[in-house]
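Here's a short set of exercises to work through with the model open in your viewer. Try each task before you read its solution.

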Amino acid sequence: MVPKFRAYIKDLDEFDYNDVPHKGHFVYGNLIKGKPNDDVDAIVGDLIEIHDEYVNVEWWQAIEKGSAEQATGLKDANGEEIYDGDILEYYYVTHGQTFYDPDTLGTVGGEPGIETTVIGKVAIWPSTGVVLTRIKAEYPEDFDSSNLDVPKMLHVNKRFTIIGNVHTNPEQLEAQHD
């Protein structure tokens, strides 16, 4: 089963490699939220035992409060689990629209379609679902500002590809493609 949460650990000296399963700087597991006034949460392993006075887990790792990223339940084009905070790439295609004269049914103009690569950050919005935000286009000039702006968000699906995350590749969201 895929863990429900992950957290980025900037300083690898802050956790024990032998006890805490991790992939690079990320630790994966379940989330336990600290008290509202505390400044830490924890990513933990499976439950070993539970009593009236205590709970015992396989392992635990303290993390900065609010830094856990949730699994979306979706996989990218390569079958990798997508998490909140991942940076995705998508080949964005729209089909042009043709306008017709209602009297003659002849073509009187239209809008061209768009084909460009876009990247953005994954976010989970309770009202909308899993979306790509902070979108940058490879060729923003393909979007005609009078008709189409670069989309503010796109719904994520299995045709997207993970190309990084906000912790190790933040520059991907800052610069436009060349």
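**Exercise 1. Place Ala137, then decide whether it is buried or exposed.**

Solution. Start with the secondary structure: Ala137 lies in strand β14. Keep in mind that you're looking at a predicted model. Next comes accessibility: Ala137 has a relative accessible area of 1%, and the cut-off for buried is under 20%, so Ala137 is buried. Finally, check a distance across the chain: the C-alpha atoms of Ala137 and Tyr91 are 9.7 Å apart, with their positions 46 residues apart along the chain.

**Exercise 2. Do the same for Thr133, and list what it is in contact with beyond its sequence neighbours.**

Solution. Thr133 also has its place in strand β14. Its relative accessibility is 11%, so Thr133 counts as buried. For the contacts, drop everything within four places in sequence. What remains for Thr133 is Gly120, Lys121, Ala123, Trp125 and Lys152.

**Exercise 3. Classify Asn157 by its accessibility, and find its contacts.**

Solution. Locate the residue: Asn157 sits in the loop between β15 and β16. At 23% relative accessibility, Asn157 is over the 20% limit for buried but not over 50%, so the label is partly exposed. With neighbours up to four places away left out, Asn157 is in contact with Lys75 and Tyr90. You can also pull up Val131: its C-alpha atom is 8.9 Å from that of Asn157, and the two residues are 26 apart along the chain.

**Exercise 4. Work out which residues have the most contacts inside the largest nonpolar core, and which elements supply it.**

Solution. Some background helps here: in soluble globular proteins, nonpolar side chains tend to be buried together. In this model, the largest nonpolar core has 15 residues, and the ones with the most contacts inside it are Leu88, Tyr92, Val118, Leu132, Leu154, Val156 and Phe160. Now map the core onto the fold: β10, β13 and β14 each give two or more residues. The top contributor is β14, with four residues. So much for the inventory.

Then zoom in on one member. Setting aside residues up to four places away, Leu154 touches Tyr90, Tyr92, Val118, Val130, Val131, Leu132, Ile135 and Phe160. Don't stop there, though: a second, separate core has nine residues, including Ile9, Val20, Trp59 and Ala68.

**Exercise 5. Count the aromatic pairs, then assign a geometry to Tyr28–Tyr83 and to Tyr90–Phe160.**

Solution. The structure holds four aromatic pairs. Take Tyr28 and Tyr83: their ring centres are 5.6 Å apart and their planes meet at 65 degrees, which is over the 60-degree limit, so the pair is edge-to-face. Tyr28 lies in strand β3 and Tyr83 in strand β9, so this pair ties together parts that are 55 residues apart in sequence. Both Tyr28 and Tyr83 are buried.

Now Tyr90 and Phe160. Their ring centres are 4.2 Å apart and their planes are at 10 degrees, under the 30-degree limit, so the pair is stacked. Tyr90 belongs to strand β10 and Phe160 to the loop between β15 and β16, so the pair ties together parts 70 residues apart in sequence. For burial, Tyr90 has a relative accessible area of 14%, so Tyr90 is buried. Phe160 is buried too, with 1%.

One last step: follow the ring pairs outward, and you'll find that they link Tyr8, Phe26, Tyr28 and Tyr83 into a cluster.

**Exercise 6. Describe the largest pocket: what is its volume, and which residues lie nearest its centre?**

Solution. The largest pocket has a volume of about 260 Å³. Its lining has 12 residues, and Arg6, Lys23, Tyr28, Glu80 and Glu81 lie nearest the centre. By element, β3, β9 and β16 each supply at least two lining residues, and β16 has the largest share with three. By chemistry, the lining divides into five nonpolar, two polar and five charged residues.

**Exercise 7. Put the whole chain in numbers: how many strands does it have, and what share of its residues is buried?**

Solution. The protein chain has one helix and 16 strands. Of its 178 residues, 33% are buried. For contact order, consider contacts between residues at least 6 apart in sequence: 52% of them join residues at least 24 apart.

Terms used
Residues are numbered from 1 along each chain as its sequence is written. This is a predicted model: local features need pLDDT of at least 70, side-chain atom pairs count only at pLDDT 80 or more; totals for chains, interfaces and linings use all residues. Side-chain values use heavy atoms; hydrogens and water are left out. On a 1 Å grid over the protein atoms alone, a cavity is a set of points where a 1.4 Å probe fits but cannot get out, and a pocket is an open set with protein on both sides within 12 Å along at least five of seven lines; lining residues have an atom within 4 Å of a point. Grid points are joined across faces, edges and corners, and a volume is the space filled by probe spheres set on the points. Ala, Val, Leu, Ile, Met, Phe, Trp, Tyr, Cys and Pro count as nonpolar, Asp, Glu, Lys and Arg as charged, and the others, Gly among them, as polar. A nonpolar core is a set of buried Ala, Val, Leu, Ile, Met, Phe, Trp, Tyr and Cys residues joined through side-chain atoms within 4.5 Å. Buried means under 20% relative accessible area, exposed over 50%, partly exposed in between (1.4 Å probe, protein chains only). Contact means heavy atoms within 4.5 Å. Rings of Phe, Tyr and Trp (its six-membered ring) pair if their centres lie within 6.5 Å; planes under 30 degrees apart count as stacked, over 60 as edge-to-face and the rest as tilted.
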